[in-house]
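Trainee: Could you walk me through one part of this model in detail, and then show me how it sits in the rest of the chain? I'd like to begin with the strand pairing.

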Amino acid sequence: MRLSTKGRYAVMALVDLANMGADRPVALADIARRQEISLSYLEQLFAKLRKGGAVRSVRGPGGGYMLARPADQLRISDIVVAVDEPIRATRCSPTSPEGCMNNKTRCITHHLWEGLSLQIFEYLSSVTVADVLNGNIAGANDEAWAERRAAAE
């Protein structure tokens with residue numbers, strides 16, 4: 001399972017925002033340039049992030065965006081959910097009692113993928129923006145982890 005660009009870009013932008021604007025608003029154009037993300041795409045994401053309570057806007061000269069709460073209180077899952085990124089590995093709709101099969105039943109591996117989705121959400125809920133900024137991610141400083149990751153790419 002992979003997050004779409006919507007979820008990944010939202011997280012990248014908010015980590016950049018936390019890094020550059022802890023005490024002052026940051027212009028979206030600056031984030032777009034540093035993270036190589038389209039400004040118009042960021043504008044769409046930040047409208048959702050603002051509505052979802054992850055950021056707040058500051059108008060006027062020197063305006064831009066700031067985190068709505070401290071980086072150590074903003075979970076990665078909050079960001080992903082704010083931009084309507086589904087965190088699920090099943091084909092089934094989470095709001096429907098019907099399954100993904102033609103006969104409306106759940107597939108034989110449904111519970112496996114549903115469990116994976118839950119694990120992903122729990123992991124993203126355990127990591128804050130501050131954790132990402134500070135490199136406090138499980139395995140991030142582990143040499144063996146880095147080698148496995150490089151081999152997988």
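Which residue in strand 2 is the bridge partner of Val 55?

Mentor: Happy to, and the answer is Leu 67. Before we go on, two notes on how to read the values. The model is predicted, so local features need pLDDT of at least 70 and side-chain atom pairs count only at pLDDT 80 or more, while totals for chains, interfaces and linings use all residues. Residues are numbered from 1 along each chain as its sequence is written, and side-chain values use heavy atoms, with hydrogens and water left out.

Back to the pairing. Strand 1 covers residues 55–58 and runs antiparallel to strand 2, with 4 bridges joining them; two strands count as paired if DSSP finds at least two bridges between them. They form a hairpin with 5 residues between the strands, and Gly 60 in the turn has a positive phi of about 95°. Helices and strands here are DSSP runs numbered from the N terminus (helices are H or I with at least four residues, strands are E with at least two).

Val 55 also leads us to the interior. Leaving aside neighbours within four places in sequence, Phe 46 is in contact (heavy atoms within 4.5 Å) with Val 55, Tyr 65, Ala 13, Leu 17, Leu 28 and Ile 31. Phe 46 belongs to the largest nonpolar core, which has 32 residues; Phe 46, Leu 17, Leu 49 and Ile 79 are the members that touch the most others. Strand 2 (64–67) is among the elements giving two or more residues to this core, along with helix 1 (5–20), helix 2 (28–35), helix 3 (39–51), helix 4 (76–82) and helix 6 (129–134). Helix 1 gives the most, with 7 residues. By definition, such a core is a set of buried Ala, Val, Leu, Ile, Met, Phe, Trp, Tyr and Cys residues joined through side-chain atoms within 4.5 Å. Buried means under 20% relative accessible area, exposed over 50%, and partly exposed in between (1.4 Å probe, protein chains only).

Now for the charged pairs. The model has 4 salt bridges, each a side-chain nitrogen of Lys or Arg within 4 Å of a carboxyl oxygen of Asp or Glu. Arg 69 and Asp 78 form one of them, with their closest N and O atoms 2.7 Å apart. Asp 78 counts as buried because its relative accessibility is 16%, whereas Arg 69 is partly exposed at 28%. Arg 75 joins these two residues in a salt-bridge network.

Arg 75 turns up again around Thr 128, which lies in the loop between helix 5 and helix 6. With its neighbours within four places left out, Thr 128 is in contact with Arg 75, Ala 71, Asp 72, Leu 74 and Ile 76. Thr 128 is itself buried, since its relative accessible area is 12%.

Helix 1 and helix 2 are linked by another salt bridge: the side chains of Asp 16 and Arg 34 meet at 2.7 Å, N to O. This pair joins distant parts of the chain, as Asp 16 in helix 1 and Arg 34 in helix 2 are 18 residues apart. Asp 16 is buried at 7% relative accessibility, and Arg 34 is partly exposed at 30%. Asp 30 and Arg 33 also form a salt bridge, at 3.5 Å, N to O. These two are 3 residues apart in helix 2, so about one helical turn separates them. Arg 33 is exposed at 56%, while Asp 30 is partly exposed at 29%.

The loop between helix 2 and helix 3 holds Glu 36. Most residues other than glycine have a negative phi. Glu 36 departs from this with a positive phi of about 55°, and it counts as exposed because its relative accessibility is 69%.

Finally, the whole chain. It has 7 helices and 2 strands, in the order α-α-α-β-β-α-α-α-α along the sequence. Of its 153 residues, 33% are buried. Among contacts between residues at least 6 apart in sequence, 59% join residues at least 24 apart.
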